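Q: Please take a close look at one strand in this model and work through how it sits among its neighbours. Then set it beside one helix and the ligand shell.

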Amino acid sequence: MSDVLLARLNEIADPASGSGLSDAGRLDGAVIANGVATIVLKADASAETESLKAEIEAAALALDGVERVRIITTLQRAAGDAAKPTPRQAKPDAPKPADLVIAVAAGKGGVGKSTVAANLAAALAKSGQRVAILDADIYGPSIPRLFGLTDIKGLRKTDSGIEPAEAHGIKIVSMGFLTKPGQPVVWRGPMVQGAIQQFMNETDWDRPDVLIIDMPPGTGDAQLAIAQTVALDGAVIACTPQDLALDDARKAIAMFEKTHTPILGLIENMSVFLCPHCGEPSEIFGHGGTRAEAEAMGVPFLGEIPLTIELRERSDSGRPVAFDAGPVPDAFNRAADAMLVSAGEARKPAPGMTFSN
Ligand SMILES: Nc1ncnc2c1ncn2[C@@H]1O[C@H](COP(=O)(O)OP(=O)(O)OP(=O)(O)O)[C@@H](O)[C@H]1O
Ligand SMILES: [Mg+2]
């Protein structure tokens, strides 16, 4: 928590009790990092909440060093309802390892799932969130390379659980730490399910704000097993503008719908090619198809990530580009913000649902 931000927000009265927002227990988090104020507000979906959010935004923007404000709303429940799961988080298996558990998936291989997962994680970490990544790609885990952890062979288990690796402040567990490079892995659904369950439940994650899961490509048994095993708050679907990739994205969406996982949004990767010499954009795979598809399906569109040589090179360097500044990191910042907003929306009860009884 940032003290200055917290103190300022506590000067705003909670409409219900009249006390300051912090004293009234309405804040789950308030942090300023890299010019972004992130505020987690317990709220319901009402006009009152909207005006409160506007007041919070104005107050935070007036503070020194704040350029952007991000307000995430989490569901505020009536007293006595705290232990009840929301209708959309129906998988009661084990305590959740993070406040938000989000899968990044695609129906197709090679569209940039891992790149998007790593950079969304980096964008969130940069804005002060505590972030972890579970690399669930048994076929070709890429998270170790993206975070410069290719030397790790095996994971230690201590009294507090499986010890995750750490890079740039992000806790990481990958199937790649357990498999030998170059060796094909033939795992069936139940085996994958067991391994992922163990990683999810037995890793000493230290309760991060967001746990991102990099999913294996495709929509077969293994993917379905993961979607069924993990209490996901939502899924982000990565695709390229090509029709083929969009067809596969539709399959991925259908798979998550089968497991009642909210779709937090579509993200168009390799949207336009930015020439490193002249900066001229070229639409190699077409452009804008994902936005149109998201609109047609009624799911949020999280933004477009350009195809750049820098992004490809940085992916091999062990430090995702979104940690830095520039147009590509900005695109990831916006997508990460939009993803958190969607996650907040998905936690609200559907119209007509109540939590009484
Ligand atoms: N926007 C981009 N600009 C440039 N290169 C990119 C971009 N997105 C991904 N790449 C590159 O494309 C390749 C595939 O990306 P990535 O490994 O993230 O895809 P994936 O969907 O996770 O693949 P898989 O299905 O194998 O898991 C990588 O070499 C990556 O660096
Ligand atoms: Mg991948």
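A: Strands β11 and β12 (residues 263-274) run parallel and are joined by five bridges. One of the residue pairs here is A238 with I267, its bridge partner in β12. This is a predicted model, and what follows is computed from it.

β11 also pairs with β4 (residues 100-105), again in the parallel sense, over four bridges. In that pairing A103 has A235 of β11 as its bridge partner.

The next point is burial. β11 covers residues 234-239, and six of its six residues are buried, so the strand is largely enclosed by the rest of the structure. In a regular strand, side chains alternate between the two faces of the sheet. In β11, G234, V236 and A238 are on one side, while A235, I237 and C239 are on the other. Both sets are buried, and both faces of the strand are therefore covered.

V236 gives a residue-level view of β11, the strand in which it lies. V236 has 28 other C-beta atoms within 10 Å; a residue with 20 or more counts as buried, so V236 is buried. Not counting residues up to four places away in sequence, V236 touches I102, V104, L264, G265, I267, L302 and M339. I102 and V104 fall within the residue range of β4, and L264, G265 and I267 fall within that of β12. L302 falls within the range of β14 (301-307). The C-alpha atoms of V236 and A106 are separated by 8.3 Å, although the two residues are 130 apart along the chain. For the protein chain as a whole, among contacts between residues at least 6 apart in sequence, 76% join residues at least 24 apart.

β12 appears again around ligand 1. There, 20 residues surround the ligand, and the closest are G109, G112, S114, T115 and P217. The elements that give two or more residues to this shell are α3 (113-126), β12, β14 and α9 (309-315). By class, the shell has seven nonpolar, ten polar and three charged residues.

Helix α2 (residues 47-61) can be set beside the strand; I56 is found in this helix. The 15 residues of α2 should span 21 Å at 1.5 Å a residue, and the end C-alpha atoms are 21 Å apart, which agrees. The buried residues of α2 fall within an arc of 70° when seen down the helix axis, so they line one face. L52, I56 and A60 are buried in α2. On the other side of the helix, A47, E50, S51, A54, A58 and L61 are exposed. So α2 has its buried residues on one face, whereas β11 is covered on both faces.

I56 is on the buried face, with 23 other C-beta atoms within 10 Å. Leaving aside neighbours within four places in sequence, I56 is in contact with L9, I12, I39, L41 and I71. One of these, I71, is 15 residues from I56 in sequence and 8.4 Å from it in space, C-alpha to C-alpha.

As for the whole, the protein chain has ten helices and 14 strands. Of its 357 residues, 45% count as buried.

How values were computed: Residues numbered from 1 in each chain as written. Chains lettered and ligands numbered in written order. Predicted model: local features only at pLDDT ≥ 70, side-chain atom pairs only at ≥ 80, totals over all residues. Buried ≥ 20, exposed ≤ 12 C-beta atoms within 10 Å, placed from the backbone. Contact = placed C-beta atoms within 7 Å. Expected span 1.5 Å × (residues − 1). Arc of directions from axis to C-beta. Pairing = 2+ DSSP bridges. Near = placed C-beta within 6 Å. Nonpolar A, V, L, I, M, F, W, Y, C, P; charged D, E, K, R; others polar.
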